[in-house]
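These are my notebook entries on a single chain. I set down what I looked up, entry by entry.

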Amino acid sequence: MSEELFYPVIETKRLKLRPLLLSDLKSLLEIFSDPEVMKYWNTAPWAGMQDALDFVNSSNDSMRRQESLVLGLILEFRA
């Protein structure tokens, strides 16, 4: 099994799906620290940046082990 991160990128005119990056931490924290967003989730709202970092690291580790595929959805506004 490869230790490299399986890095699929799926792009359309308006969307991009790609693995999570450290540059996504702030956006992820904004979403997952909101109690309303997490109301029906199986975990409590995130408390800080460490929760976001842990999520990105665990997602990428899981992809390296070929156990899961976690992709972020990015809106693209190209003409």
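**Entry 1: Arg18.** I began with the burial of Arg18 in this predicted model. Arg18 has a relative accessible area of 11%, which is under 20%, so I entered it as buried. I located Arg18 in strand β2, which spans residues 15–19. I then asked which side chain forms a polar contact with that of Arg18. The partner is Asp24, and the polar contact between the two side chains is 2.8 Å. Setting aside residues up to four places away in sequence, I listed what Arg18 touches: Tyr7, Pro8, Val9, Asp24, Val70, Leu71, Gly72 and Ile74.

**Entry 2: Val70.** From the list for Arg18 I took up Val70. I found Val70 in the loop between α2 and β3. Is Val70 buried, partly exposed or exposed? Its relative accessible area is 22%, which lies between the limits of 20% and 50%, and I therefore recorded Val70 as partly exposed. Leaving out residues up to four places away in sequence, Val70 touches Arg18, Pro19, Leu20, Phe55, Ser59 and Met63. I also checked Val70 against Trp41: the two are 29 residues apart in sequence, and their C-alpha atoms are 17 Å apart in space.

**Entry 3: the loop and the end of my reading of α2.** I stayed with the loop between α2 and β3, where Gln66 is also found. Gln66 is not a glycine, yet I read a positive phi of about 60° for it. For background I noted that most residues other than glycine have a negative phi. Gln66 has a relative accessible area of 58%; this is over 50%, so I entered it as exposed. Ser62, by contrast, lies in helix α2. Ser62 is buried, with a relative accessible area of 11%. Apart from neighbours within four places in sequence, I found Ser62 in contact with Glu67 and Ser68. I looked up Asp51 as well, and it too has its place in helix α2. At 28% relative accessibility, Asp51 counts as partly exposed. Asp51 and Leu20 are 31 residues apart along the chain, and I noted 14 Å between their C-alpha atoms.

**Entry 4: the nonpolar core.** I next asked which residues make up the largest nonpolar core. There are 9 in all: Leu20, Leu25, Leu28, Leu29, Phe32, Met38, Trp46, Ala52 and Val56. Helices α1 (25–32) and α2 (49–64) each supply at least two residues of this core. The most comes from α1, which gives 4 residues. I added the general remark that nonpolar side chains tend to be buried together in soluble globular proteins. I then followed Phe32, a member of this core. Neighbours within four places in sequence aside, Phe32 is in contact with Met38, Trp41, Pro45 and Trp46.

**Entry 5: the largest pocket.** I looked up how much space lies in the largest pocket and recorded about 230 Å³. Its lining consists of 13 residues, and those nearest the centre of the pocket are Leu20, Leu28, Ile31, Gly72 and Leu73. I noted that α1 and β3 (71–75) each supply at least two residues of the lining. How many residues of each class does the lining have? I recorded 9 nonpolar, 2 polar and 2 charged residues. I marked Leu20 and Leu28 in my notes, as they are members of the largest nonpolar core and also lie among the lining residues nearest the pocket centre.

**Entry 6: the chain as a whole.** I closed with the overall values. The chain has 2 helices and 3 strands, and along the sequence I read the pattern β-β-α-α-β. Its C-alpha atoms fill a box of roughly 40 × 30 × 20 Å along the principal axes. Of its 79 residues, 24% count as buried; Arg18 and Ser62 are among the buried residues I had entered. For contacts between residues at least 6 apart in sequence, I recorded that 60% join residues at least 24 apart.

Definitions and conventions
Residues are numbered from 1 along each chain as its sequence is written. This is a predicted model: local features need pLDDT of at least 70, side-chain atom pairs count only at pLDDT 80 or more; totals for chains, interfaces and linings use all residues. Side-chain values use heavy atoms; hydrogens and water are left out. A nonpolar core is a set of buried Ala, Val, Leu, Ile, Met, Phe, Trp, Tyr and Cys residues joined through side-chain atoms within 4.5 Å. Buried means under 20% relative accessible area, exposed over 50%, partly exposed in between (1.4 Å probe, protein chains only). Contact means heavy atoms within 4.5 Å. On a 1 Å grid over the protein atoms alone, a cavity is a set of points where a 1.4 Å probe fits but cannot get out, and a pocket is an open set with protein on both sides within 12 Å along at least five of seven lines; lining residues have an atom within 4 Å of a point. Grid points are joined across faces, edges and corners, and a volume is the space filled by probe spheres set on the points. Ala, Val, Leu, Ile, Met, Phe, Trp, Tyr, Cys and Pro count as nonpolar, Asp, Glu, Lys and Arg as charged, and the others, Gly among them, as polar. A polar contact is a pair of N or O atoms within 3.5 Å; within protein, one must be able to donate a hydrogen and the other to accept it, and residues adjacent in sequence count only if both atoms are side-chain atoms.
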